[in-house]
Amino acid sequence: MTTRVAILISGGGSNMVRLIESMAADDHPGRPVIVISNRPDAAGLGKARALGVETAVLDHRTFGKDRAGFETALAEILAAHAADIICLAGFMRVLGPEFVMKYQGRILNIHPSLLPKYKGLDTHARAIQAGDAHAGCSVHIVTPALDDGPVLGQASVPILPGDTPDVLASRVLAAEHQLYPQVLRDYLTARANEQ
Ligand code: GRF
């Protein structure tokens with residue numbers, strides 16, 4: 001049985017594209033059922049549709065400070081598509097504890113640092129500032145605490161002399177594109193074997 005995967009984005013969606021492409025393999029345990037963006041103008045929406053994946057927009061701004069309302073509507077879209085697991089791929093909203101516990105152990109996120117270092121924003125600038133020799137990315141299970149859940153996989157890249165945050169970000173992003181599809185496949189395979 002294939003696992004139904006929802007992907008949540010806010011922007012360009014390059015990780016989302018890699019995830020969708022990876023699930024096209026015949027022997028892949030997952031398939032993408034819906035791409036949801038909290039921003040109507042996210043460039044990733046068109047890319048998902050071009051790859052034949054249904055999309056939905058849930059504009060967080062229309063909910064104001066009502067995070068519970070936003071998350072209820074999000075859960076309704078996920079239920080309508082019978083999503084089993086959720087991949088956050090450049091999704092720039094924090095999900096509240098109630099939502100996270102509803103999908104406990106079934107939400108994955110990619111974060112552009114070698115966790116537990118540099119949770120939150122501006123990870124590349126912080127790694128350069130600290131004089132680190134390496135930066136990287138982590139795929140982890142989402143728990144109620146930000147960027148804190150169990151790490152499923154990491155990839156490391158060097159920080160080179162003269163790197164700006166943007167230069168480092170593009171080196172890390174290339175590593176993200178390799179790591180996330182591999183971790184998703186491994187995670188879904190392990191999950192299928194448990195069931
Ligand atoms: C990635 O670096 C991701 O780790 C971060 O935001 C970026 C999203 O890129 N949270 P994309 O939308 O997948 O192209």
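**View 1. Residues around the ligand in a predicted model.** The ligand is surrounded by Gly-12, Gly-13, Ser-14, Asn-15, Gly-90, Ile-110, Pro-112, Leu-173 and Glu-176, where a residue is near a molecule if one of its heavy atoms lies within 4 Å of it. This is a predicted model, in which local features need pLDDT of at least 70 and side-chain atom pairs count only at pLDDT 80 or more, while totals for chains, interfaces and linings use all residues. Residues are numbered from 1 along each chain as its sequence is written, and side-chain values use heavy atoms, with hydrogens and water left out. Sorted by class, the shell around the ligand holds 3 nonpolar, 5 polar and 1 charged residues; here Ala, Val, Leu, Ile, Met, Phe, Trp, Tyr, Cys and Pro count as nonpolar, Asp, Glu, Lys and Arg as charged, and the others, Gly among them, as polar.

**View 2. Contacts and cover of the ligand.** Which distance separates an oxygen atom of the ligand from an N or O atom in the side chain of Ser-14? That distance is 2.5 Å, and in the side chain of Glu-176 an N or O atom is 2.8 Å from an oxygen atom of the ligand. For Asn-15, a backbone N or O atom lies 2.9 Å from a ligand oxygen. The protein covers 78% of the 370 Å² of accessible area that the ligand has on its own, an area that comes from the Shrake-Rupley method with a 1.4 Å probe. Helices α1 (14–22) and α6 (165–194) are the elements that give two or more residues to the shell around the ligand; helices (H or I, at least four residues) and strands (E, at least two) are DSSP runs, numbered from the N terminus.

**View 3. Tyr-187 in helix α6.** Tyr-187 has its place in helix α6. Is Tyr-187 buried or exposed? Tyr-187 is buried, because its relative accessible area is 14% and buried means under 20% relative accessible area, exposed over 50%, and partly exposed in between (1.4 Å probe, protein chains only). The C-alpha atoms of Tyr-187 and Gly-105 are separated by 11 Å, although these residues are 82 residues apart along the chain.

**View 4. The loop between β5 and α5.** Ser-113 lies in the loop between β5 (107–111) and α5 (123–129), and Ser-113 is buried, with a relative accessible area of 2%. A polar atom of the Ser-113 side chain lies 3.3 Å from the backbone oxygen of Tyr-118. The C-alpha atoms of Ser-113 and Ala-127, 14 residues apart along the chain, are 8.3 Å from each other. Pro-116 also has its place in the loop between β5 and α5, and the peptide bond from Leu-115 to Pro-116 is cis, with omega near 15°.

**View 5. Two residues with a positive phi.** Most residues other than glycine have a negative phi, and most peptide bonds are trans. Ala-82, which is not a glycine, has a positive phi of about 50°; Ala-82 is found in the loop between α3 (67–80) and β4 (85–88) and counts as partly exposed, at 39% relative accessibility. Asp-147, likewise not a glycine, has a positive phi of about 55°. Asp-147 has its place in the loop between β6 (134–141) and β7 (151–158), and with a relative accessible area of 10% Asp-147 is buried.

Key
A polar contact is a pair of N or O atoms within 3.5 Å; within protein, one must be able to donate a hydrogen and the other to accept it, and residues adjacent in sequence count only if both atoms are side-chain atoms.
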